[in-house]
Amino acid sequence: MLTAAIPAAALDKVTFATNWLAEAEHGGFYQALADGTYAKYGLDVTILQGGPQTNNRLLLAAGKIEFNLGANLIQTFDAASENIPIVAVASMFQKDPFILMSHPGVGLDRMEDLPKATAFIGKDAFVSVYQWLKTASGFREDKVQPYAFNAAPFIRDKNSIQQGYATSEPFEIEREGGFKPNVFLIADYGYDSYSTLIETRRDLIEKNPDLVQRFVDASIIGWMHYIYGDNAKANALIRRDNPDISADLLAYSVARMREIGIVDSGAALKLGVGAMRKQRIDSFFAKMVAAGLFKQNLDYDRAYTLQFVNKGVGLDLRPHP
């Protein structure tokens, strides 16, 4: 007797856009794609790379894509201040990986030494984290020189500092400059923004919360597998999308994410990767108000939701010590 084949349920097609070229800092999303986790959650996911000439948040706001990768809470507050219906639904990084680097042994070995140095800072960082550094640690605008993602000026000038990310720039400085820089993770000095946030539109949350939940849950599981499991297939997809990234840099980035607790630390240890807490968001907003970035009366609560996180998803995937 022949039985008709039962067709598999159609997967929901969604596009997730990142904020830069493919890299280890996007690894959990590529992992969920590579190992079938998204498909298991009923999702057919396309990852759309970002880059220096793209603004994928505009695609999200216009309804062209379903999810976007936000850099930090400043973008979340911006959405509220500009009345853009973008909502942060999960934070994949508990610590913002933004760093400052200095040359060792030249009097720039402590955080309090850094304001006196020439500072190579990019435009985005200048109008955000650097404004906080001015109010919190006495950094000065007259010390800033433009940073165009070229480390040569910093390597040449021993009395300078440079921005970067804990997961990448120190590796490049050691390779190009032949020395190991001092690294200051700004998250360790009070800059408590969440980072690498999944964003979507308010109307999608209202119309299809199950789709949002499935994407968040599958991404969380992808991140747990990426930092703790076999990430070879994910890294192969990353290098397919961004052939210029080296296997050595990917390995370095993953090791640093684990070592520093970029993904899995703080509230995530009990609530799961992606965790967000209102108290911390309130604290960071107060700091940004003090830095002059936002007005005190901004209704920023509408630009994020805790509806989809803090559920303990993926905790069983953490290796036992």
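## T200 and its neighbours

Start with T200: setting aside residues within four places in sequence, T200 is in contact with L60, E66, F67, P85, I86, V87, V89, I205 and V212. This is a predicted model, so treat each contact here as part of a prediction. T200 sits in strand β10, which covers residues 195–201. Is T200 buried or exposed? T200 counts as buried because its relative accessible area is 0%, and buried means under 20%.

T200 also has a polar partner. Its side chain reaches the backbone oxygen of E66, and the distance is 2.8 Å. E66 is also on the list of residues that T200 touches.

## P85, on a loop

One of the contacts of T200 is P85. You'll find P85 in the loop between α4 (73–81) and β4 (86–93). P85 has 36% relative accessibility, so it counts as partly exposed. Looking from the side of P85, and again skipping residues up to four places away in sequence, the contacts are T200, R201 and R202.

Now follow the chain further along. P85 and A303 are 218 residues apart along the chain, yet their C-alpha atoms are separated by 7.5 Å.

## Two nonpolar cores

Next, the inside. In soluble globular proteins, nonpolar side chains tend to be buried together. Here the largest nonpolar core has 59 residues, and W223 and Y226 have the most contacts inside it. Which helix gives the most to this core? That's α10 (residues 209–228), with 11 residues.

W223 is worth a click in the viewer. Leaving out residues up to four places away in sequence, W223 touches A24, E25, H26, G27, G28, F29, M92, F93, M257, V263 and V273. There is also a second, separate core of 38 residues, and its members include L100, I186, F294 and A303. You met A303 a moment ago, as the residue whose C-alpha atom is 7.5 Å from that of P85.

## Charged pairs

Side chains of opposite charge can pair when their charged atoms come close. How many salt bridges does a search of the whole structure find? The count is 19. One of these joins R57 and E199, with the closest N and O atoms 2.9 Å apart. This pair links distant parts of the chain, since R57 belongs to helix α3 (residues 56–61) and E199 to strand β10, 142 residues apart. Both R57 and E199 are buried. Strand β10 should ring a bell: T200 is found there too.

Other pairs have some exposure. R140 and D142 form a salt bridge, with 3.0 Å between the closest N and O atoms. R140 counts as partly exposed because its relative accessible area is 40%, while D142 is exposed, with 56%. R302 and D299 meet in a salt bridge as well, at 3.7 Å from N to O. R302 has a relative accessible area of 30% and D299 has 44%, so R302 is partly exposed and D299 is partly exposed too. Finally, D12, D210 and R214 are joined into one network by salt bridges that share partners.

## A nonpolar patch on the surface

Some nonpolar residues sit on the outside. W20, L21 and F149 make a nonpolar surface patch of about 290 Å². Of these, F149 lies in the loop between β7 (144–146) and α7 (152–156). Why does F149 count as exposed? The reason is its relative accessibility of 57%, because exposed means over 50%.

Note on methods
Residues are numbered from 1 along each chain as its sequence is written. This is a predicted model: local features need pLDDT of at least 70, side-chain atom pairs count only at pLDDT 80 or more; totals for chains, interfaces and linings use all residues. Side-chain values use heavy atoms; hydrogens and water are left out. Patches are made of residues with over 30% relative accessible area and no salt bridge: like charges are joined within 9 Å, nonpolar side chains (Val, Leu, Ile, Met, Phe, Trp, Tyr) within 5 Å. Accessible areas come from the Shrake-Rupley method with a 1.4 Å probe; for residues, only the protein chains shown count as cover. A salt bridge is a side-chain nitrogen of Lys or Arg within 4 Å of a carboxyl oxygen of Asp or Glu. Helices (H or I, at least four residues) and strands (E, at least two) are DSSP runs, numbered from the N terminus. Buried means under 20% relative accessible area, exposed over 50%, partly exposed in between (1.4 Å probe, protein chains only). Contact means heavy atoms within 4.5 Å. A nonpolar core is a set of buried Ala, Val, Leu, Ile, Met, Phe, Trp, Tyr and Cys residues joined through side-chain atoms within 4.5 Å. A polar contact is a pair of N or O atoms within 3.5 Å; within protein, one must be able to donate a hydrogen and the other to accept it, and residues adjacent in sequence count only if both atoms are side-chain atoms.
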